[in-house]
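Thank you all for coming. I would like to take a few minutes to walk through one model with you, and I will begin with a question once it is on the screen.

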Amino acid sequence: MVKAIKAILPQLEVNLPASIQVTPLTDLTTAINASVSDVEFELMLTVGLVVMVIFLFLRNVYATIIPVLRAALFGGHLRAMYAFGYSLTIFR
């Protein structure tokens, strides 16, 4: 949303009088983007650790492949939802 607003901002400034200058005061999106990146990293790390623990306890490659495929399918579902414009939240 912020990227869209920043893209439209020059068009909006054209309609304003020359004496008015628009400048953003704060940009909290950098902290939010960093948090999202951290969550993505932690999720991948968690999946890797779960797969490692399953393999160490079961010592069976075939039994380990099932959770790996399930995690990949879940990631595919989330990507498909994003591609079709759906979200996990109710707000858009």
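In which loop does R59 lie? Before I answer, please keep in mind that what you see is a predicted model, so every value I quote is computed from it. R59 lies in the loop between α2 and α3, and although R59 is not a glycine, its phi is positive, at about 50°. R59 is also exposed, because its relative accessible area of 65% falls over the 50% cut-off that we use for that word.

Let me turn next to the helices on either side of that loop, and to the second largest pocket. α2, which spans 29-58, and α3, which spans 61-83, each supply at least two residues of the lining of this pocket. The pocket has a volume of about 390 Å³, and among its lining residues are V36, V39, E40, L43, M44 and V47, as well as A71, A72, F74, G75, L78 and R79. Sorted by class, that lining comprises nine nonpolar residues, one polar residue and two charged residues.

One of these lining residues, L78, deserves a further word. L78 belongs to helix α3, and at 30% relative accessibility it counts as partly exposed. For those who like a distance to check on the screen, the C-alpha atoms of L78 and T64, which are 14 residues apart along the chain, are separated by 22 Å.

Now to the beginning of the chain, and to helix α1. This helix has 14 residues and reaches 20 Å from its first C-alpha to its last, which is close to the 20 Å expected at 1.5 Å a residue. A kink of about 40° nevertheless lies in α1 at L9, shortly before the proline P10.

Which side chains meet in a salt bridge? The count by our rule comes to one salt bridge, and the partners are D27 and K6, whose side chains meet at 3.0 Å, N to O. D27 lies in the loop between α1 and α2 while K6 lies in helix α1, so the pair ties together parts that are 21 residues apart in sequence. As general background, side chains of opposite charge can pair when their charged atoms come close. As for accessibility, D27 counts as partly exposed at 34%, and K6 is likewise partly exposed, with a relative accessible area of 46%.

That is where I will stop, and I am happy to go back to any part of the model.

Key. Residues are numbered from 1 along each chain as its sequence is written. This is a predicted model: local features need pLDDT of at least 70, side-chain atom pairs count only at pLDDT 80 or more; totals for chains, interfaces and linings use all residues. Side-chain values use heavy atoms; hydrogens and water are left out. On a 1 Å grid over the protein atoms alone, a cavity is a set of points where a 1.4 Å probe fits but cannot get out, and a pocket is an open set with protein on both sides within 12 Å along at least five of seven lines; lining residues have an atom within 4 Å of a point. Grid points are joined across faces, edges and corners, and a volume is the space filled by probe spheres set on the points. Helices (H or I, at least four residues) and strands (E, at least two) are DSSP runs, numbered from the N terminus. Ala, Val, Leu, Ile, Met, Phe, Trp, Tyr, Cys and Pro count as nonpolar, Asp, Glu, Lys and Arg as charged, and the others, Gly among them, as polar. Buried means under 20% relative accessible area, exposed over 50%, partly exposed in between (1.4 Å probe, protein chains only). A salt bridge is a side-chain nitrogen of Lys or Arg within 4 Å of a carboxyl oxygen of Asp or Glu. The expected span of a helix is 1.5 Å times one less than its number of residues. The bend at a residue is the angle between axes fitted to the seven residues ending there and the seven starting there.
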